[in-house]
Structure formats: structure tokens, C-alpha cells
Amino acid sequence: MKCYISQMDNSVPVISRADARVAGHTHFFTGVPCRNGHLAARFVSNGSCIKCAALRFKEFLESKPPDYARNQMRYYRANHPAYRLYERTQIFAHTNKIEFTIDSADICIPEKCECCGGFFAKTFKKYQATIFVARIDERIGFTRSNIAIICRQCKKIKTGATVAQIEAVLKWMKSRL
Ligand SMILES: [Zn+2]
Ligand SMILES: [Zn+2]
């Protein structure tokens with residue numbers, strides 16, 4: 001669950017840790033500066049101020065080799081094909097200015113393409129090449145109810161075509177092949 005408090009600081013309404021927890025928020029705000037003088041929200045989970053946590057994380061990264069963060073991300077992507085697919089789709093939506101409201105948890109790679117029933121390859125490299133998040137109705141964006149995980153070939157056939165056009169091509173193919 002995304003928390004409304006996490007983004008803001010001074011203008012955040014004061015809410016106690018207990019109330020925030022009951023409301024399902026991940027953050028709370030006391031209105032009192034932390035021991036390092038930050039007037040910022042705190043995590044419900046451990047009570048830490050978000051600014052202190054950010055500084056601690058920065059120090060942690062600085063204590064690591066320079067490409068540590070990048071390698072961690074690379075490792076994560078390699079082991080989470082669904083996340084990689086999510087990112088790739090997000091970039092596609094962004095460059096093409098298409099609405100994108102799904103989040104990484106909405107993408108779950110099935111065993112096979114829901115269009116043609118073809119099995120997806122198991123290795124990450126093949127996932128890259130064959131799996132796509134397609135929009136069911138291309139007039140609207142990538143929303144939770146409008147996405148389907150299908151193979152490259154099915155996506156190629158479907159993209160930009162209407163049902164009538166695909167039917168016409170099918171009829172033509174059958175008559176000529
Ligand atoms: Zn602090
Ligand atoms: Zn397919």
C-alpha cells in the first residue's frame with residue numbers, strides 16, 4: 001500500500017504512530033523534530049525519521065564500492081524477470097506518452113501466452129525476447145484491467161489492428177495458403 005505521508009514533510013497532518021498503523025499508513029508524523037533536528041515523517045515500522053534513514057542509506061552506499069548499487073540492481077533484475085518486464089513496459093509507455101498506472105506487483109509472468117498458448121522460455125534472456133505486456137484495448141493505457149502478458153508474435157499481430165482487419169487477413173491467408 002502506498003502511503004500518502006511518505007512524500008511530504010512539514011505540511012503533513014500530525015498523526016500518532018498508533019493511529020497511522022491502524023489506518024494502514026507506512027509513515028506517521030509527530031510534528032516534533034527528530035534528535036538530529038529533522039522535521040519529517042517517520043516510519044511506522046521502526047520509528048526512524050525518513051531524513052535520518054536517507055542519510056544512513058547514503059553513508060551505507062558511500063562505504064561500498066562505487067558500482068555497488070548498480071550491481072545490486074543488475075542482480076535483482078536478472079533474478080526478477082517480472083520486474084524487468086515491468087520496467088521495460090514503463091519505459092515504453094513513457095516514451096510513447098501512454099497512460100501507465102500499473103505497478104510491478106500487477107505483472108506476473110504466466111507459463112504460456114494467453115493468446116496462442118505457446119510456452120514462454122524459462123531463462124531470463126528468452127523472457128526478454130519473447131514476453132510482452134500488451135494492452136488489450138490499445139485506445140487506453142496500461143491499467144490493471146487492460147493488460148495481458150503475451151508473446152512477441154501475438155503482440156506483433158495484434159498491435160495496431162482491429163478485429164475486422166485480423167479476420168480479413170486470416171480469411172485471405174486461408175484462401176491463399
Ligand atoms: Zn532525522
Ligand atoms: Zn502468443
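Begin by selecting Phe132 together with Ile150, Arg152 and Lys155, the residues that Phe132 contacts once its neighbours within four places in sequence are left aside; a contact here means that two C-beta atoms, placed from the backbone, lie within 7 Å. What is shown is a predicted model, in which local features need pLDDT of at least 70 and side-chain atom pairs count only at pLDDT 80 or more, while totals for chains, interfaces and linings use all residues. Residues are numbered from 1 along each chain as its sequence is written, and chains are lettered from A and ligands numbered from 1 in the order in which they are written.

Stay on Phe132 and measure across to Arg152, which is 20 residues away in sequence but 6.2 Å away in space, C-alpha to C-alpha. Phe132 counts as buried because it has 22 C-beta neighbours inside 10 Å; the cut-off for buried is 20 or more other C-beta atoms within 10 Å of a residue's own, with exposed set at 12 or fewer and partly exposed in between.

Next, extend the selection to strand β3, residues 131-135, in which Phe132 lies. Helices and strands are DSSP runs numbered from the N terminus, helices being H or I over at least four residues and strands E over at least two. Five of the five residues of β3 are buried, and both of its faces are covered, with Ile131, Val133 and Arg135 on one side and Phe132 and Ala134 on the other.

Now add strand β4, residues 147-151, which runs antiparallel to β3 and is joined to it by five bridges; strands pair where DSSP finds at least two bridges between them. To check the register, select Arg135 and look for its bridge partner in β4, which is Ile147.

From this pair of strands, move to the largest nonpolar core, a set of 13 residues in which Leu85, Ile107, Ile131, Phe132, Val133 and Ile150 have the most contacts. At least two residues of this core come from each of α4 (81-95), β3 and β4, and β3 gives the most, with four. A second, separate core has eight residues, among them Ala20, Phe28, Phe29 and Ala40. A nonpolar core is a set of buried Ala, Val, Leu, Ile, Met, Phe, Trp, Tyr and Cys residues joined through C-beta atoms within 7 Å.

Select α4 next: its 15 residues reach 21 Å from first C-alpha to last, close to the 21 Å expected at 1.5 Å a residue, where the expected span is 1.5 Å times one less than the number of residues. Its buried residues are Pro81, Arg84, Leu85, Tyr86 and Thr89. Just after α4, Lys97 takes a positive phi of about 55°, in the loop between α4 and α5 (124-130). Lys97 is exposed, because 8 other C-beta atoms lie within 10 Å.

Two further helices offer a contrast with β3. Helix α2, residues 50-62, reaches 18 Å over its 13 residues, close to the 18 Å expected, and its count of buried residues is zero. Helix α7, residues 163-176, reaches 20 Å over 14 residues, close to the 20 Å expected, and its count of buried residues is likewise zero.

Finally, display the whole chain, with its seven helices and four strands, which run α-β-β-α-α-α-α-β-β-α-α from the N terminus on. Buried residues make up 16% of the 177 residues, and of the contacts between residues at least 6 apart in sequence, 38% join residues at least 24 apart.
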